Amino acid sequence: MNLQQLRYFKTIAENEHYTKASKVLGINQSSLSHAMQSLEQELGVELFMRSGRNVVLSPYGRMLLPHVKKALAELDAGIAELKHAVDPDTGIVTISCFPSLAEFVPDIIVRYIAQTNRVAVRPQTNQEATYYTLREQLLEGKVDMVFATEIDDPRVGSTLIGEQSFVLLVPQNHRFAERKSIDLHELDRENYIAYSKDSQLRRQSDKMFRKAGVHPRITAETAQDIMIYGLVGAGHGVAITPWPLGGAPYNLKLVAVNGLEKRKLYLMWNKERYLSPAAAEFRNFVVSSGAVFDEYRMRNHIQ
């Protein structure tokens with residue numbers, strides 16, 4: 001039994017005539033008759049009975065038809081949903097990013113829809129806490145693409161979108177609050193909110209502090225930028241984070257740290273996994289647009 005036979009069976013039942021059914025299906029009557037004979041032999045029953053020049057369903061055919069209609073309807077609905085999902089004008093695009101890019105990603109999506117007029121495209125976005133989570137999602141095919149620092153893997157394709165600065169967050173009443181910048185060594189023995197140990201940023205900051213001979217006092221650890229903002233605002237310490245794209249959170253002060261390098265950001269996709277037309281069109285738009293994150297920073301006066 002195959003799908004073609006079931007479609008043939010349904011069409012004959014609806015037309016009650018082999019010749020009419022063959023015209024609807026676009027095949028010759030001989031092929032249609034042979035397909036039904038094969039199906040009846042496999043099932044061990046007659047599905048149709050002659051009624052003059054027409055055919056009508058046998059009791060067994062009437063028993064089978066509702067199930068065939070239901071199965072074909074479900075299958076056709078699934079196919080239609082699939083086609084809709086991958087259509088570049090209506091499809092789904094799944095994107096993950098660092099929480100620190102939460103303001104940027106909706107902006108580039110709105111820009112894409114506005115410039116391509118693909119208003120029915122359905123982006124699905126989520127903010128993941130760590131680089132390693134994003135890497136796993138991309139390599140396992142759980143998302144179409146990610147905005148993050150570079151994933152060094154031969155399976156990953158990427159395009160550079162710009163650079164993001166780091167900044168020191170301090171409470172408004174902190175002694176650094178009126179400073180425009182500080183040197184890293186001034187954070188020695190300072191109460192400090194750190195990223196959790198499973199974070200790429202934690203590993204980078206630990207290396208940076210060791211190299212500079214600086215030993216901040218870690219008072220709390222978290223993977224979430226928003227938790228860091230809250231802890232700094234509550235006076236538990238200061239923190240170095242990616243520059244907040246929405247401006248100084250919780251009335252904190254942003255203070256530059258001399259000598260800190262910016263981090264490079266990329267749009268990345270898995271070259272070894274299928275990328276739907278909708279996702280491919282979004283990727284191609286970003287690739288052709290160049291340094292979209294730098295453009296976003298300049299447009300919003302972000303350092």
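This is a walk through the helices, strands and loops of the structure above, which is a predicted model.

Let us start at the N-terminal end, with helix packing. Two packed helices are described by the angle between their axes and the distance between the axes. Helix α1, residues 3-15, packs against helix α3, residues 29-43, at an angle of about 110°, and their axes are 10 Å apart. Angles from 65 to 115 degrees count as roughly perpendicular, and α1 and α3 are therefore roughly perpendicular to each other. If you would like to find the contact on screen, look on the α1 side for Gln5, Tyr8, Phe9 and Ile12. Facing them from α3 are Leu32, Ala35, Met36, Ser38, Leu39 and Glu42. Sorted by class, this contact of α1 with α3 holds 7 nonpolar, 2 polar and 1 charged residues.

Helix α2, residues 18-25, also meets α3: the axes of the two come within 9 Å and cross at roughly 105°. That angle makes α2 roughly perpendicular to α3 as well. Here α2 brings Tyr18, Thr19, Ala21, Ser22 and Leu25 to the contact, while α3 supplies Gln29, Leu32, Ser33 and Met36. The contact of α2 with α3 divides into 5 nonpolar and 4 polar residues, with no charged ones. Leu32 and Met36 of α3 are worth a second look, since they appear in the contact with α1 and again in the contact with α2.

One residue of α1 deserves its own stop. Thr11 sits in helix α1. Is Thr11 buried or exposed? Its relative accessibility is 10%, so Thr11 counts as buried, the cut-off for that class being under 20%. Setting aside neighbours within four places in sequence, Thr11 is in contact with Ala21, Val24 and Leu25.

Now let us move along the chain to the strands. Strand β9 (residues 191-195) pairs with strand β10 (residues 217-222) in the parallel sense, over 5 bridges. To see one of these pairings, find Ala194, whose bridge partner in β10 is Glu221. Together with helix α7, residues 200-212, β9 and β10 make a right-handed β-α-β unit.

Another group of 4 strands forms an open sheet with mixed pairing, and the order across it is β8-β12-β7-β11. Which strands stand at the edges? They are β8 (181-182) and β11 (239-242); each has a single partner strand, so one side of each is left without a neighbour in the sheet. The pairing of β8 with strand β12, residues 253-257, is parallel and runs over 2 bridges. Within it, Ile182 stands opposite Val257 of β12. Helix α8, residues 225-233, packs on this sheet and touches β7 (166-170) and β11. The direction of α8 makes about 145° with that of β11.

Finally, have a look at two loop residues with a backbone twist. Most residues other than glycine have a negative phi, and most peptide bonds are trans. Arg189, in the loop between β8 and β9, has a positive phi of about 65° although it is not a glycine. Arg189 is partly exposed, with a relative accessible area of 48%. Tyr250, found in the loop between β11 and β12, is also a residue other than glycine with a positive phi, near 50°.

Definitions and conventions:
Residues numbered from 1 in each chain as written. Predicted model: local features only at pLDDT ≥ 70, side-chain atom pairs only at ≥ 80, totals over all residues. Heavy atoms only, no water. Pairing = 2+ DSSP bridges. Right-handed = clockwise from strand over helix to strand, strands pointing away. Contact = heavy atoms within 4.5 Å. Axes fitted to C-alpha atoms, helices over the stretch in contact; angles between N-to-C directions. Parallel < 35°, antiparallel > 145°, perpendicular 65-115°, else oblique. Nonpolar A, V, L, I, M, F, W, Y, C, P; charged D, E, K, R; others polar. Buried < 20%, exposed > 50% of the residue type's maximum accessible area, 1.4 Å probe, protein only.
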